[in-house]
Amino acid sequence: MSPRRLLLVGEGNFSFAAAVSETLDATTTLTATCLQREADLRQDPAVQENLRRLHERGATVRFGVDCTRLADAFEPRDREFDQICFNFPHCGRKAGVSRNRELLARFFRSCADVLAKEGEIHMALCRGQGGTPADKPRREWHNSWQVVAMAALGGFILSDVYPFNCEAVPGYKCTGYRSQDKSFHVEGALNHVFTWSLPFEGSQLRVFRIKLDDQSFSFREPEALVGKLNRGFLEASSCHPIKTINEKLIAELSKAFPLKRLKCSFPFLRVGETNVLTSWNCDIQSAAFWINLLEDNSNFESLAGGTTQDIEDFRVSLSELSLPKSPGRKGKEDREGIFGRAKIWLRPSLLVHVQDVIQAPDFLPGSLYILSGPVFRKCLISPFTMPAFHETLFILGCDQNMEDICLQSLLDHLKGTLDSLLTQTLLEGSQLSSSVDFVFQPNKRDYMINVESHNFGPDSAKDLNIGSISTSVSSITHEDQCFVFVSMNLDLLAMLVWGISDWRMLWTFDNRFLKNFVPGKIEPFKSYALYPPSYVHDISFWLDEKKEFDELEFHTVARAVSQDTVTSIQFLSRFQHPETEQVSLCYRLTYQTCDKALTQQQVATVQSQFRKEIQQRLHVTPR
């Protein structure tokens, strides 16, 4: 559909405007502008002919319009353009890259005053000027116009880029700066399409109310999990790819096994509930996110700064799947024990529910029990590790003398299902870009589910661990049974199936993300935020001799302060002072968003706050 209001800025001889005017429908209004005064163009017959064509088509022509001060050129009632086009901007003469960057920055800031909410900015640049991977050949970043970084200053992200085709605009003649005869070289030029970004704002922690049985509590979400609690991606009404991939996975396995789906309550665990932890990670408590509960609602003022949110889904009853009961504690005594604790922690894995499932009196061997839900754990920052993700857990019980047969049957069907899912987005004639492998572990009982993937380019990890398979010989209530537990990371699986290169995109609040997904179909994901700029900052600090440095907490603080914009933390060096023997560490942080405009100044502010936070929380002294 053609835009309703189209604005062209920086026109030279108006040939582009005249050509475009003849392609627009009657519902679109065109305003063409140039920096020169009308008197400066009266002697050019080509310009006069183009102006005549524009007037015949009912277009508006404005002279002396500075594209870096658009708000001055248009009254408030005349703003809200649906599309703004700027072809081949240039400061003129032998202006260097820095001056042209400044032109772009001022232009994008100006566009923020006159562009509609759903509007687009189209900017054509000569080969290599933009500095994005779309340029062939690509200039070094410092020698380019850094168009995505300049657009971020106005709050815009690059949503599309494609070759600029002069032949698609018959009659268009590219001119040079201020309509000079020497035109720009348009061979290999690219048209860049920018759209509004969601604002990059400081963390605003939400305060949740929760009702456990007949008692109310409140809590504030952990800083490193802002925007990740209670998103409802697996709910019945959801059209999120996490739900789609989970339903397809379950549907395929249902063809081979009778299924029993269990409802998975919100993942609260009590303090001291270590009996539910499995041997797969004995250090999991140190990586857990702890929640402080405040009884009733009278203490909300102590959680100042957060946004209060009532969540119906949090009003759950105590059950085996939400707050596992310790043996020997029942009824009122058990309830008082739970309510008396001021601290709970978020479930690090669905495996904590295994004992509750297999010890239930109605557990049926041969049936495949399924739990699905979000899990949370602290982790080091890397491209494919995430502090929050969705997990699905399959539990299969069988007679001990049938263990090998049941295990092999489950592995075969699981591999066939995963291979089928991973091929659904392949183009016709393409070869399989991902393969599933079950890697036997040293304990000779467990497997890791690895996928060798080439979907994310040569610089990304190729062997991704998307889950695990473990076995157990027996339980207290089923002495003659053995059990198989399959744990799958649905977020990583969705990334592989749709080709989503950044896990953070799954958690975006931008509505454009879900528009990529058609119910019942799996098609390659097309990002609306291309080639976001990255910024690098180093940080060094002296360690406290009396306290052990916690690198996991260092990463967690970085994740929290930066709102998940730190994509990489690289250890650079360790220095020990020859006289005081005090130790200093140096790290390099890389900042980059996947769905928002991020500026160098915003990153500098975050880096400054990070220095303060590690000094306070980790007891180090920044240098």
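**Figure 1. Salt bridges of the predicted model, with the pair R4–D82 in close-up.** The structure contains 20 salt bridges, a salt bridge being a side-chain nitrogen of Lys or Arg within 4 Å of a carboxyl oxygen of Asp or Glu. The model is predicted, so local features require pLDDT of at least 70 and side-chain atom pairs count only at pLDDT 80 or more, whereas totals for chains, interfaces and linings use all residues. Residues are numbered from 1 along each chain as its sequence is written, and side-chain values use heavy atoms, with hydrogens and water left out. One of the salt bridges joins R4 to D82, with 3.6 Å between the closest N and O atoms. This pair links distant parts of the chain, since R4 belongs to the segment before strand 1 and D82 to strand 4, 78 residues apart. Helices (H or I, at least four residues) and strands (E, at least two) are DSSP runs, numbered from the N terminus.

**Figure 2. The open sheet of seven strands.** The strand order is 3-2-1-4-5-7-6, and the pairing is mixed; two strands pair if DSSP finds at least two bridges between them. Strand 3 (60–62) and strand 6 are the edge strands, each pairing on one side only. On average, neighbouring strands of this sheet are turned by 20 degrees against each other, direction ignored. Strand 1 (residues 5–9) and strand 4 (residues 81–87) run parallel and are joined by four bridges; L7 has I84 of strand 4 as its bridge partner. Helix 4 (residues 97–111) lies across strands 1, 4, 5 (115–125), 6 and 7 (190–196), and runs at about 160 degrees to strand 5. Contact means heavy atoms within 4.5 Å; axes are lines fitted to C-alpha atoms, for helices over the stretch in contact, and angles run from 0 to 180 degrees between N-to-C directions.

**Figure 3. Backbone geometry at E80 and P137.** Most residues other than glycine have a negative phi, and most peptide bonds are trans. E80 has a positive phi, near 60 degrees, and is found in the loop between helix 3 (70–73) and strand 4. The peptide bond from K136 to P137 is cis, with omega near -5 degrees. P137 is placed in the loop between strand 5 and helix 5.

**Figure 4. The open sheet of four strands.** The order is 23-24-22-25, with antiparallel pairing. Strand 23 (566–576) and strand 25 (621–622) stand at the edges with a single partner strand each, so one side of each has no neighbour in the sheet. Two bridges join strand 22 (residues 535–542) to strand 25, where T621 is the bridge partner of W542. Helix 11 (residues 551–562) packs on the sheet and touches strand 22, strand 23 and strand 24 (583–591), its direction making about 135 degrees with that of strand 23. Helix 12 (residues 600–617) lies across strands 22, 24 and 25, at about 20 degrees to strand 22.

**Figure 5. The largest cavity and its lining.** On a 1 Å grid over the protein atoms alone, a cavity is a set of points where a 1.4 Å probe fits but cannot get out, and lining residues have an atom within 4 Å of a point. Grid points are joined across faces, edges and corners, and a volume is the space filled by probe spheres set on the points. There are three cavities of 30 Å³ or more, and the largest holds about 80 Å³. It is lined by 14 residues, of which I157, L158, P532, P533 and K596 are the closest to its centre. Helix 5 (147–152) and strand 6 (156–163) are the elements that give two or more residues to this lining.

Technical notes: 1 Å grid on protein atoms, 1.4 Å probe; cavity = no way out; pocket = protein on both sides within 12 Å on 5 of 7 lines; lining within 4 Å.
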